[in-house]
Amino acid sequence: MIALREPSLGPSMGIKGGAAGGGYSQVVPMEDINLHFTGDFHAITAANNALASLIDNHIFQGNALNIDPRQIVWKRALDLNDRALRHVVIGLGGKFGGVPREDGFDITVASEIMAILCLAEGLDDLKARLSRIVVAYNYDGEPVTVKDLEVEGALTLLLKDAIHPNLVQTLENTPAFVHGGPFANIAHGCNSVLATKMAAKLGDYVVTEAGFGADLGAEKFLDIKTRAGHIRPSAVVIVATIRALKMHGGLSKDDLKTENLDALARGMENLARHIETIQEFGLPYVVAINHFIADTDKEVQLVKDWCTANGHPAALTTVWENGGAGGEELAHKVIDAINTSANHFKPLYDLDDDH
């Protein structure tokens, strides 16, 4: 089983493109997954903006909670990249237009509600987590929460369908849950706990992912999501590309298609650091060398030789070109790592640490 994040409309309509894979390694229907999908993100947008409007309405109707309009920290949201909305002034239009104040829009995947949806283990847990959101501070500097506004039930109702994982499949008919998508630079960068745990009930192995590098998404997956979902990972696949390693070795983006063994050798320091990160968690791992068509045989061999010399299990993967067949070596090495390597998984910090 596969458990992945949903793509955001923002990057899908921008230069990054979609997030449903490529070549013969895709989840389908790609065009639906990348554009609106089941409407989950729109439900999160609606809940986010309902909360924003309820805050402003509370102030307009007398402000019983003594909210300081200058200290409202809850922003509105839209699932598109629209820099013109990052900073706005709302409440204009006279007596019936609300209370004028500065505001702004986040992209929906940066909403705290997105992160909460992906960590919740059910509707009751979702409601409890929503109630604890800090939306503003009052004139005495005290936090004001969703529970203070008494609107956690309404927000939960808007999300009653969005909390359910979405089932699609790969081109080779492997089941895939695609559900939730918080950005890793904002939140924990992982698909929903519900989807991952449901996949674990339905399959012998679950492959999931965490956004960005091992120093960001993986750390958040292993420190946050595993604890929230009571999940114990069995092994980690560290995906490396020769293109990226050459860029870390000092090449510009325009030069990545040209063979450059010196830059590649310098860039191996980056892969070494990512491996160290995973080793600190005590987890078995396998390096997946994700093959691109411009990679040369000498470059591939350099990475393989480096991994062998340093005792790191590795496999060349050609899934873009060959689909599942191109990942068989990797799959066997991952299963071998799970069955034969010691697993001493432990988060890097305790929840009661003071710094």
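## Helix α12: two sides

On one side of helix α12, D297, K298, T308 and A309 are exposed. The model here is a predicted one. Helix α12 runs over residues 297–309, which makes 13 residues. From its first C-alpha to its last, α12 reaches 18 Å. That is close to the 18 Å expected at 1.5 Å a residue.

Now turn to the other side. In α12, E299, V300, V303, W306 and C307 are buried. These residues cover an arc of only 130° around the axis, so they sit on the same side of α12. What covers them? The cover includes α10 (242–248), α11, β15 and β16 (314–317). Just after α12 comes G311, with a positive phi of about 75°.

## Helix α5: one buried face

Helix α5 spans residues 123–131. Its buried residues are L126, L130 and S131. Seen down the axis of α5, they fall within an arc of 130°, so they line one face of the helix. Several elements cover the buried residues of α5, including α4 (112–119), β10 (143–145), α6 (146–149) and α7 (152–158).

Find K127 next. This lysine is also in helix α5. Is K127 buried or exposed? Neither label fits, because its relative accessibility is 38%, and K127 counts as partly exposed. Leaving out residues up to four places away in sequence, K127 touches E152, G153 and T156.

## An aromatic pair

How do we describe two rings side by side? A pair of aromatic rings is described by the distance of the centres and the angle of the planes. In this model the count comes to one aromatic pair. The partners are F281 and F345. Their ring centres are 6.4 Å apart and their planes meet at 20°, so the pair is stacked. The cut-off for stacking is an angle under 30 degrees.

The pair links distant parts of the chain. F281 is in the loop between α11 (261–280) and β15 (285–290). F345 is in the segment after α14 (328–340). The two are 64 residues apart. F281 is buried, and so is F345.

Another ring has a charged neighbour. R227 lies over the face of Y349. The distance from the ring centre is 4.7 Å.

## Cysteines without a bond

How many disulfides are there? The count comes to zero. Take C118 and C190. For C118, the closest cysteine sulfur is in C190, 8.5 Å away, and that is too far for a bond. The search from C190 leads back to C118, again at 8.5 Å. A disulfide needs the two sulfur atoms within 2.5 Å.

Are these cysteines buried or exposed? C118 has 0% relative accessibility, so C118 counts as buried. C190 also has 0%, so C190 counts as buried too.

## Backbone details in the loops

Start with a peptide bond. V28 and P29 are joined by a cis peptide bond, with omega at about 5°. P29 is in the loop between β3 (25–28) and α2 (30–34).

Next, look at phi. H36 has a positive phi of about 75°, although it is not a glycine. H36 lies in the loop between α2 and α3 (40–60). At 48% relative accessibility, H36 counts as partly exposed. F212 is not a glycine either, yet its phi is positive, at about 70°. Look for F212 in the loop between β13 (207–208) and α9 (214–229).

## Across the model

Two pairs of residues give a sense of scale. K95 lies in the loop between β6 (88–90) and β7 (101–103). Its relative accessibility is 67%, so K95 counts as exposed. How far is K95 from S252? In space the two are 56 Å apart, C-alpha to C-alpha. In sequence they are 157 residues apart.

The second pair starts from helix α5, where K127 is found. K127 and T241 are 114 residues apart in sequence. Their C-alpha atoms are 41 Å apart in space.

Notes:
Residues numbered from 1 in each chain as written. Predicted model: local features only at pLDDT ≥ 70, side-chain atom pairs only at ≥ 80, totals over all residues. Heavy atoms only, no water. Phe/Tyr/Trp six-rings, centres within 6.5 Å; stacked < 30°, edge-to-face > 60°. Helix = DSSP H or I, 4+ residues; strand = E, 2+ residues; numbered from the N terminus. Buried < 20%, exposed > 50% of the residue type's maximum accessible area, 1.4 Å probe, protein only. Lys NZ or Arg CZ within 6 Å of the ring centre and 35° of its normal. Expected span 1.5 Å × (residues − 1). Arc of directions from axis to C-beta. Contact = heavy atoms within 4.5 Å.
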